[in-house]
Amino acid sequence: MHKVVVCLTAILYMTAGLVATGTSEAKSETGELVLYTSHATDWTEPIISEFEKHTGITVTLVSGGTGDLIERIHSEKEAPVADILWGGGSDSYQAIINLLQPYAHKHMSKVLDVTRDPGNRWHGTTIDPMVIIYNPTLVEEAAVPKGWADLLNPAFKGNIAHADPERSGSAFMALVIQLLSMGGDNETGWTYMKRFVEALDGKVLSSSSAVYEGVADGRYAVGITYEEAALKSARAGADLKVVYPVEGSSKVPSPIAIIKGARNLGNARKFVDYILSKEVQTVMGDINRRTVRTDIQLPANMVPNNKLGDIPYDPLWVGGNKQRLLDRWNQLIDAQ
């Protein structure tokens, strides 16, 4: 059974032990794998348990926010503790791109090219488009938004659930996708964003979960969230329906990467191969996640990948411009 470590500080003892063993031992392969992940354990644990069962490798799971895990990997770069990072957005991986180990996995010909780093330093494991959600008890059929532009409908002012992009990775992703969909990083795009902020009417939520929960319980008529949360809530019977914006969303990948200098490099490669295998990727649809493979049919409640649009979400550009985009967003918020 794999060991779950939910507090990042709890691994400090392990860190000290690895450093104390010296370089030669740190580089030797063991029967273990240290996995840093920001994914929820309710769906990852069964997948990890199957990996352990079939390989005999013991997985030590360290859970935390993507930002915290990225910071820890950076601080441990001289003596890496993690073998794998799994979860978060591709822009986060770009922030530590030089600390990631290139690897061409066994399934390269079966995945969408746009879901991986050209240098093979990270690989998307699922696609996480942003969607619009609405409460059908509050929004009449004629007023259902079809895309980002419809969120500016005066009827929705002050009734849009949206998280703070500085505190929510999905909200930041939504900011980028809306901006690029509605004109780009220029005055056209930012004019739309100004009107969108005005439509929020000063209401910005502290977490991504508050968005879909707020729409489902009727506190907000519409909202913006990530596909998995929307489909999971709808499948559970919540008062919530999903709209794929007509202007397009984006094939934003949620990656996995091997840490450069990983102690268990061979085991890390096995885990990447396993996560991107057809067997595991087929399960993704059952847990409301979108596969990156081209040889798996998506569930009926997901639009095909080619219907998501072709909005470019360049993680290198996004990572390099993140603070500037957030600063401009905050200027719009402060002006309200």
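Ser92 counts as buried, at 17% relative accessibility, and this residue sits in helix H5, which spans residues 90–94. The model described here is predicted, and the points below take up the surroundings of Ser92 and Val222, two nonpolar cores, the packing of helix H7 against two other helices, and two loop residues with positive phi.

**Two buried residues and their contacts**

- Once residues up to four places away in sequence are set aside, Ser92 touches Thr66 and Ile70.
- Val222 belongs to strand E9, which covers residues 222–226, and with a relative accessible area of 0% Val222 is buried, since the cut-off for that class is under 20%.
- Leaving aside neighbours within four places in sequence, the contacts of Val222 include the aromatic residues Tyr134 and Phe156 together with Ile133, Val139, Pro145, Leu151, Asn159, Ile160, Ala161 and Val215.
- Between Val222 and Met173 the C-alpha to C-alpha distance is 18 Å, and the two residues are 49 residues apart in sequence.

**Nonpolar cores**

- The largest nonpolar core holds 45 residues, and Leu33, Leu35, Ile84, Trp86, Ile133 and Phe271 are those with the most contacts inside it.
- Helix H10, residues 265–275, supplies the largest share of this core, namely five residues.
- For Leu33, when residues up to four places away in sequence are not counted, the residues touched are Phe51, Ile57, Thr58, Val59, Thr60, Asp83, Ile84, Asn264, Asn267, Ala268 and Phe271.
- Another core, of 37 residues, lies apart from the largest one, and among its members are Tyr134, Leu200, Leu326 and Trp329.

**Helix H7 against helix H6**

- Two packed helices are described by the angle between their axes and the distance between the axes.
- For helix H6 (residues 169–181) and helix H7 (residues 187–200), the packing angle is about 130 degrees and the axes are 8 Å apart.
- H6 and H7 are therefore oblique to each other, because an angle of about 130 degrees falls outside the ranges for roughly parallel, roughly perpendicular and roughly antiparallel.
- The crossing in which H6 passes H7 is right-handed.
- On the H6 side the contact involves Leu175, Gln178 and Leu179, which meet Gly189, Trp190, Tyr192, Met193 and Phe196 on the H7 side, and the residues of this contact divide into six nonpolar, two polar and no charged.

**Helix H7 against helix H12**

- H7 also packs with helix H12 (residues 315–334), at an angle of about 45 degrees and with the axes 9 Å apart, which makes H7 oblique to H12.
- H7 passes H12 in a crossing that is right-handed.
- From H7 the contact draws on Glu187, Trp190, Met193, Lys194, Phe196, Val197 and Leu200, while from H12 it draws on Leu325, Arg328, Trp329, Leu332 and Ile333.
- Sorted by type, the residues in the contact of H7 with H12 comprise nine nonpolar, no polar and three charged.

**Loop residues with positive phi**

- Most residues other than glycine have a negative phi.
- Asn120, a residue other than glycine, has a positive phi near 60 degrees; it lies in the loop between strand E5 (100–101) and strand E6 (123–127), and Asn120 is buried, with a relative accessible area of 17%.
- Asp201, also not a glycine, has a positive phi of about 55 degrees; its place is in the loop between H7 and helix H8 (209–216), where Asp201 is partly exposed, with a relative accessible area of 45%.

Methods. Residues numbered from 1 in each chain as written. Predicted model: local features only at pLDDT ≥ 70, side-chain atom pairs only at ≥ 80, totals over all residues. Heavy atoms only, no water. Axes fitted to C-alpha atoms, helices over the stretch in contact; angles between N-to-C directions. Helix = DSSP H or I, 4+ residues; strand = E, 2+ residues; numbered from the N terminus. Parallel < 35°, antiparallel > 145°, perpendicular 65-115°, else oblique. Left-handed = near helix turned anticlockwise from the far one by under 90°. Contact = heavy atoms within 4.5 Å. Nonpolar A, V, L, I, M, F, W, Y, C, P; charged D, E, K, R; others polar. Core = buried A, V, L, I, M, F, W, Y, C linked by side-chain atoms within 4.5 Å. Buried < 20%, exposed > 50% of the residue type's maximum accessible area, 1.4 Å probe, protein only.
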